[in-house]
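The following note sets out points for a colleague who will work from these coordinates. It proceeds by residue and by element.

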Amino acid sequence: MENRLLKAECVLRMLSLALAAAAALLVGLDTQTKTVLLVRRKATAKDLDGLWTMTLVTSATAAYHLLQLFRCMALALLGRNPCRGSKSMAWFLFLSDQGVTYATFGATMAGLQAALVAVFGVDDLQWSKLCNIYTRFCEQVAGGMLCGLTASLAMAVVSAVSAYHLFRLYPRCRRSSVKAAPWRWLPF
């Protein structure tokens, strides 16, 4: 059971690594140059802070999952349990997985918000639509957003596996009978 769970964790970390790296590469390396009203303009991810933040965070996420994948594979080859008896290590892995998942999801949502401004514009602020000019740029950013969201979902499952590793280290609490419960005076 433990060996299969460790292999599943390795596969999920590989998937998270690949999707986060794809999101970072699709958004970060995306550029398109167009001539608009006799002026050559180049669209990049650095033009929108949300897209650039997403690129940096998903790059860091991919690096984190690469390191965790190496740890996971080393433990699988050695045939050892990653957290047996070490509650502090289990807590560290659980909290770091949770933090990376939330950071990636938040950065992807910030990038999505910036991309929606580029798609629809904001008439009240006189921000024009950009995706009718830079169509290839916007399509590639959309692919990066999809990879980022899918990576966040895969990381949520990895976090659930980390939670399982953590909470199985604690003994089960058996509930006492209703008669011995201190709240027995409650009517239900």
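Is aspartate 97 buried or exposed? The points below begin with the answer and then widen to the helices, the cores and the chain as a whole.

1. Aspartate 97. The model is a predicted one, and in it aspartate 97 counts as buried, because its relative accessibility of 2% falls under the 20% limit. The residue belongs to helix α3. Its side chain forms a polar contact with the side chain of arginine 13, at 2.8 Å. When neighbours within four places in sequence are set aside, aspartate 97 is in contact with Arg13, Tyr64, Val158, Ser159 and Ser162.

2. Threonine 101. This residue also lies in helix α3. The side chain of threonine 101 reaches back to the backbone oxygen of aspartate 97, at 2.7 Å. Threonine 101 is classed as buried because its relative accessible area is 9%, under the 20% limit. Leaving out residues up to four places away in sequence, threonine 101 touches Ser152, Met155, Ala156 and Ser159. Ser159 thus appears in the contact list of threonine 101 and in that of aspartate 97.

3. Helix α3 as an element. The helix that holds both of these residues has 34 residues. From its first C-alpha to its last, α3 reaches 49 Å, close to the 50 Å expected at 1.5 Å a residue. Just after α3 comes glycine 121, with a positive phi of about 70°.

4. Helix α2 as an element. With 30 residues, α2 reaches 44 Å between its first and last C-alpha, close to the expected 44 Å at 1.5 Å a residue. The residue that follows α2 is glycine 79, and its phi is positive, near 75°. A glycine with positive phi therefore comes after α2, as one does after α3.

5. Alanine 24. Helix α1 contains alanine 24. Alanine 24 counts as buried because its relative accessibility is 9%, under the 20% limit. The C-alpha atoms of alanine 24 and serine 59 are 5.6 Å apart in space, although the two residues are 35 residues apart in sequence. Serine 59 is also among the contacts of alanine 24, which, with neighbours within four places left aside, are Leu29, Thr55, Thr58 and Ser59.

6. Leucine 26. Helix α1 also holds leucine 26. How buried or exposed is leucine 26? It is partly exposed, because its relative accessible area of 27% lies between the 20% and 50% limits. Residues up to four places away in sequence aside, leucine 26 touches Gln140, Gly143, Gly144 and Cys147. Between the C-alpha atoms of leucine 26 and phenylalanine 137 there are 9.7 Å, with their positions 111 residues apart along the chain.

7. The largest nonpolar core. Which members of this core touch the most other members? Among its 15 residues, they are Val27, Leu51, Met54, Phe137, Val141 and Met145. Two or more residues each come from α1 (2–28), α2 (49–78), α3 (87–120) and α4 (135–167). Helix α4 supplies the largest share, five residues. Apart from this core lies another, of 13 residues, including Ala62, Cys72, Val100 and Ala151.

8. Methionine 145. This member of the largest core touches Leu51, Met54, Thr108, Gly111, Leu112 and Ala115, not counting residues up to four places away in sequence. Two of these contacts, Leu51 and Met54, are themselves listed with methionine 145 among the core members that touch the most others.

9. Cysteines. The structure holds zero disulfides. Cysteine 10 is buried because its relative accessible area is 7%, under the 20% limit. Cysteine 147, a contact of leucine 26, also counts as buried, at 17% relative accessibility.

10. The chain as a whole. The protein chain has four helices and two strands, and from the N terminus the order of elements is α-β-β-α-α-α. Of its 188 residues, 38% count as buried. The accessible surface comes to about 11900 Å², and carbon and sulfur atoms hold 67% of it. Among contacts with a separation of 6 or more, 81% join residues 24 or more positions apart.

Key
Residues are numbered from 1 along each chain as its sequence is written. This is a predicted model: local features need pLDDT of at least 70, side-chain atom pairs count only at pLDDT 80 or more; totals for chains, interfaces and linings use all residues. Side-chain values use heavy atoms; hydrogens and water are left out. A disulfide is a pair of cysteine sulfur atoms within 2.5 Å. Buried means under 20% relative accessible area, exposed over 50%, partly exposed in between (1.4 Å probe, protein chains only). A nonpolar core is a set of buried Ala, Val, Leu, Ile, Met, Phe, Trp, Tyr and Cys residues joined through side-chain atoms within 4.5 Å. Contact means heavy atoms within 4.5 Å. The expected span of a helix is 1.5 Å times one less than its number of residues. Accessible areas come from the Shrake-Rupley method with a 1.4 Å probe; for residues, only the protein chains shown count as cover. A polar contact is a pair of N or O atoms within 3.5 Å; within protein, one must be able to donate a hydrogen and the other to accept it, and residues adjacent in sequence count only if both atoms are side-chain atoms.
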